[in-house]
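Visitor: I should like to go through this structure with you, question by question. Please show it first.

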Amino acid sequence: MAYEIKLAKLVTGETVIGKNEEGKIKEPAIIQTVPGQQGVQIMLVPYGYPFESEMGGEISTEHIIYTYEKCPQELENKYVEAASNLTMASASALNDLDNMGGGGSGAGGSGLIL
């Protein structure tokens, strides 16, 4: 990976995740929590939403009041998937490749769920 993923809190109170490049957070996404019946879910939204549907732009690091030391790996993976439109395979998914040849009981479908 040519860039570092940074998780930070802005002076506005928003928590963002993005690519840390050249002293800026590029292609930022806002992290929003949504209460549900099974607890809290996390949603990634482009920072420019609703006027921009794709991640773009940049935020200067002078607007950051707190940088998280570690970004949870699952959140980092979901950000990379959303920013690049690629799906990252987990180790458990790679172990199940032999079951994909047919005859399995798995249901089809895809989607991003945190």
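Guide: A contact means heavy atoms within 4.5 Å. This is a predicted model, in which local features need pLDDT of at least 70 and side-chain atom pairs count only at pLDDT 80 or more, while totals for chains, interfaces and linings use all residues. Residues are numbered from 1 along each chain as its sequence is written, and side-chain values use heavy atoms, with hydrogens and water left out.

Visitor: In which strand is K6 found, and which residues does K6 touch?

Guide: K6 belongs to strand β1, residues 4-10 (strands are DSSP runs of E, at least two residues, numbered from the N terminus). Leaving aside residues up to four places away in sequence, K6 touches V16, I17, G18, N20, I25, T61, I64 and T67.

Visitor: Which side chain of opposite charge is nearest to K6, and how far away?

Guide: K6 is buried (under 20% relative accessible area, 1.4 Å probe, protein chains only). K6 has no salt bridge, which would require a side-chain nitrogen of Lys or Arg within 4 Å of a carboxyl oxygen of Asp or Glu. Lys and Arg count as positive, Asp and Glu as negative; His and the chain ends are not counted. The nearest side chain of opposite charge is that of E4, at 6.0 Å.

Visitor: What is the pattern of helices and strands along the sequence?

Guide: The chain has two helices (DSSP runs of H or I, at least four residues) and six strands. Read along the sequence, their pattern is β-β-β-β-β-β-α-α.

Visitor: What percentage of the 114 residues is buried?

Guide: The accessible surface of the chain, computed by the Shrake-Rupley method with a 1.4 Å probe, comes to about 8200 Å². Of this surface, 50% belongs to carbon and sulfur atoms. Among the 114 residues, the buried share is 25%.

Conventions. Buried < 20%, exposed > 50% of the residue type's maximum accessible area, 1.4 Å probe, protein only.
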